[in-house]
Each structure stands twice: as structure tokens, then as C-alpha cells.
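User: Please take a close look at one part of this structure, the place where the binding-site annotation falls. I would like one connected explanation that also says how that part sits in the rest of the fold.

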Amino acid sequence: MVATIRYEDIVQVPKALLHDHLDGGLRPATVVELAAEAEHELPTTDPEALGRWFVDAANSGSLERYLETFAHTVGVMQTASSLRRVARECALDLAGDGVVYAEVRFAPELHLERGLNLDEVVAAVIAGFDEGSALAAAAGTPIRVGALLTAMRHAARSQEIAELAVRYRDTGVVGFDIAGAEAGFPPTRHLDAFEYLQRENFHFTIHAGEAFGLPSIWQAIQWCGADRLGHGVRIVDDITPGPEPVLGRLAAYVRDKRIPLELCPSSNVQTGATPSIAEHPIGLLRDLRFRVTVNTDNRLMSGTSMSREMALLVDTFGYGWRELQWLTINAMKSAFIPFDQRLQIIDEVIKPAYGRLLTGPGRP
Ligand SMILES: O=c1[nH]cnc2c1ncn2[C@H]1C[C@H](O)[C@@H](CO)O1
Ligand SMILES: [Zn+2]
């Protein structure tokens, strides 16, 4: 008999999250309250209806239209207190979902509309993560949250944001990213920033291979030197399917170098990167043993959580605890914190918890 994995058990088990946007994960009720304070007009002020509105509006099949929904989250995150609240709630919500390690990203340059400067934005978010993490630990659900600073790829502030990230590397920022519309904005536009980060021995990921294909992934890795790929789903375009799939040179390089893919199944369906979860390349990429990780991207826009993304994989591909542990360890191995700290979470938190499920009574 095949034991089914219950959703409540997925929530309990420790999870690691590498790709989650702060401005894509607000609670709908918080958006409503902050919008009232900021006099920002929303499509609806009923929290439940607003939650549905975000998911429906993001179900556009286009990354550009998906990104339009962020006007209603970024619009209410323009003060230190709102940023701090959103960050605190983010840490609490992730911890409540059983996430033990998270890297949460945001773009400081988008939060300057009401007079904050870049440093004040970062300080407010980190204070919120620290508060939320302390509350979560007190509630018995400890979590470690690191920040990734994102620069918007259509803008021209990446060097400044990279320097900001390095300034905060010992106080809560663990890496750098670029995000935003991909087509027409290749990562090489930001080469100076990436070269600067490499000279500083710092870490970065690049959104690539989501709305645009192989050239974007190739540039991100071979020109820019990305440690990880944000999404990277289009790497399948370099794999010839069949009983013995054949990897092209780029796909082989990504697999050989163990470059982590930050896959986000629900988001990928919403932006049209893949037609459905069942057709999501995660199945093939896992079979071929790429360094696959599973992530939420934007919990509000996808109405999702880490547990829900994992439950989708359990339901669609029949994954068991062994596969969920593999995904979790892959993520933890790929984190931007120091190696010894990654190992500590793997050995002391992740392996013991999954080990109990894999060997204890009621095991799958
Ligand atoms: O999946 C995404 N691809 C590209 N850009 C994205 C994605 N999700 C969020 N963003 C953008 C919109 C946010 O305002 C920004 C910073 O989090 O990053
Ligand atoms: Zn993203």
C-alpha cells in the first residue's frame, strides 16, 4: 500500500526556501490596513476578495502582466513601519509553515517614494525579520531569515544596490539578485555590478530562463557568474527528450557544476513558463538529477506556501518523503550562508526530522 503524505505533516517537516519576494508575500488583510493608512486605492478592501484578486490577476500567462499586480503591494510599503511590519509577518508566516531557513528578496529602490533612503529601507526590513524570527522562536517554530537585495533589471541602479548589499553582508543581507521583466533586459546590462560582487567574494542569483530562454541563462552563468538561477526552467530547451534524454552543452554545464535551479512551480504556470504543474520540467530535471530546489516566488500572487508547493508535487508526481528531503537538502546546500552553518541545519534539523519519517512507524 502506498502511504499518502498528509498536508499537515508537510507543514510540520522542516523546509528551506531560497526564492521568495517580500513584496509578493503580504497577508491580504495587511495590504488592506496599510493601504488605508497610505491612502492607496485597492481593487477591493475585503481581504478575502483581495487575496482572490491577486491570484486571478497574476494568472495572466505573461510575466509583464503578472508584475503589474505588485503596484498594490509596493504601493503600501513606503514607510519604515510598514516595511518592518511586512518583514515581521513574513518571518512569522514562513515559520508557521515549517520553513526553518529562508532567503527573502526585495528591491530597495522600489521603496523610496515617500522619502526613505536605501539604507533606511534595508534597516527596516532586517529589523522586521529579526523581530519576526524572535517571535517565531518564542512560539516554538525557529527560523533563520536572510535578505537578498534585488536590483530591477530595467533600471540602472544595480551597482548601487550591489554596494548596499555588501555593506549589510554582516548584518542580515546574504546575497544579491536581479528581477523584473526579462525580455529585452539581459543580465549583461548589469555586468559591472556582478563583477564588483565577485571581487567582493559575495553571492548572487539572477532571475533567468523564466520568460526568456537559453540566451538569458547562458549570459547569467557564463558572463555574469551567477551562483544560482532564479527559475532557470527554460534550461529544458537545451535537453532533447526521449528514453535517454540528451543534454546540450549549457544544460550539461549547469548540471555538472551543480548550479542550483530555484524552481517555483505555481508561479511558473501563472507566468506561462510552463502550461501546468504536470508538465512542469521539475519532473524531468529531478530525474536527471539537476540541483533542483522548490520555492514559492510570490505567496500572495500564487495563493501558496512552501507546504502547498510541496503538496502539489506529491499529488502530481507522487513524491514521497525521500524526494521532499532531497529537495530540502538541495536548497540548504545551495544557501548563501557559510558552509558550516548550512551543514549544521542539514545535520541537526533537516535529516533528523525526515529520518524519523523515513524509518519510524507509519513510514511511507
Ligand atoms: O518571478 C519573477 N520574475 C521577475 N521578477 C519578479 C518575479 N517576482 C517578483 N518580481 C519582481 C517584482 C518585485 O517588485 C521585485 C522585487 O521583489 O521583483
Ligand atoms: Zn522571483
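Analyst:
**The annotated site and its two sheets**

Leaving aside its neighbours within four places in sequence, Asp297 is in contact with His19, Asp20, His21, Gly24, Cys264, Ser267 and Ser302. This description rests on a predicted model. Asp297 itself lies in the loop between S10 and helix H14 (299-302). Is Asp297 buried or exposed? Asp297 is buried, because 29 other C-beta atoms lie within 10 Å and the cut-off for buried is 20 or more.

Asp297 also appears in a record. UniProt, in an unreviewed entry, places the feature "binding site" at His19, His21, His207 and Asp297. These positions span 279 residues in sequence, yet no two of their C-alpha atoms are more than 12.0 Å apart, so they gather at one spot.

His19 belongs to strand S1 (residues 15-21). His19 is buried as well, with 30 other C-beta atoms within 10 Å. Setting aside residues up to four places away in sequence, His19 touches Gly230, Glu262, Cys264, Asn295 and Asp297. The contact between His19 and Asp297 thus shows up in the description of either residue. Cys264 is listed for His19 and is listed for Asp297 too.

Next comes the sheet that holds strand S1. Four strands make up an open sheet in the order S1-S2-S3-S4, with parallel pairing. S1 and strand S4 (173-179) are at the edges with a single partner strand each, so one side of each has no neighbour in the sheet. On average, neighbouring strands of this sheet are turned by 25 degrees against each other, direction ignored. S1 and S2 run parallel and are joined by five bridges. Asp20, one of the residues in contact with Asp297, stands opposite Val104 in S2. Helix H16 (residues 321-333) packs on this sheet and touches S1 and S2, and its direction makes about 65 degrees with that of S1.

There is also a second sheet to place. This open sheet has four strands in the order S5-S6-S9-S10, and the pairing is parallel. Its edges are strand S5 (205-208) and strand S10 (292-294), each with a single partner strand, so one side of each is left without a neighbour in the sheet. Neighbouring strands here are turned by 30 degrees against each other on average, direction ignored. S10 is the strand that leads into the loop of Asp297, at the other end of which is H14. At the S5 edge, four bridges join S5 to strand S6 (residues 228-231), and the two run parallel. Ile206 has Leu229 in S6 as its bridge partner. Gly230, which His19 touches, falls within the residue range of S6. Helix H10 (residues 214-223) lies across S5 and S6 and runs at about 170 degrees to S5.

The last item is the ligand. Which residues come nearest to ligand 1? Of the 19 residues around ligand 1, the nearest are His21, Phe70, Ala107, Thr150 and Ala179. Helix H4 (63-68) and strand S2 (99-106) are the elements that give two or more residues to this shell. By class, the shell has eight nonpolar, seven polar and four charged residues. His21 links this part of the account to the start: His21 is among the nearest residues to ligand 1, is one of the positions under the UniProt feature, and is in contact with Asp297.

How values were computed
Residues are numbered from 1 along each chain as its sequence is written. Chains are lettered from A and ligands numbered from 1 in the order in which they are written. This is a predicted model: local features need pLDDT of at least 70, side-chain atom pairs count only at pLDDT 80 or more; totals for chains, interfaces and linings use all residues. A residue is near a molecule or strand if its C-beta atom, placed from the backbone, lies within 6 Å of it. Ala, Val, Leu, Ile, Met, Phe, Trp, Tyr, Cys and Pro count as nonpolar, Asp, Glu, Lys and Arg as charged, and the others, Gly among them, as polar. Two strands pair if DSSP finds at least two bridges between them. Axes are lines fitted to C-alpha atoms, for helices over the stretch in contact, and angles run from 0 to 180 degrees between N-to-C directions. Two residues are in contact if their C-beta atoms, placed from the backbone, lie within 7 Å. UniProt positions are given in the numbering used here, feature names are shortened, and annotations may be inferred rather than shown by experiment. A residue is buried if 20 or more other C-beta atoms lie within 10 Å of its own, exposed if 12 or fewer, and partly exposed in between; C-beta atoms are placed from the backbone.
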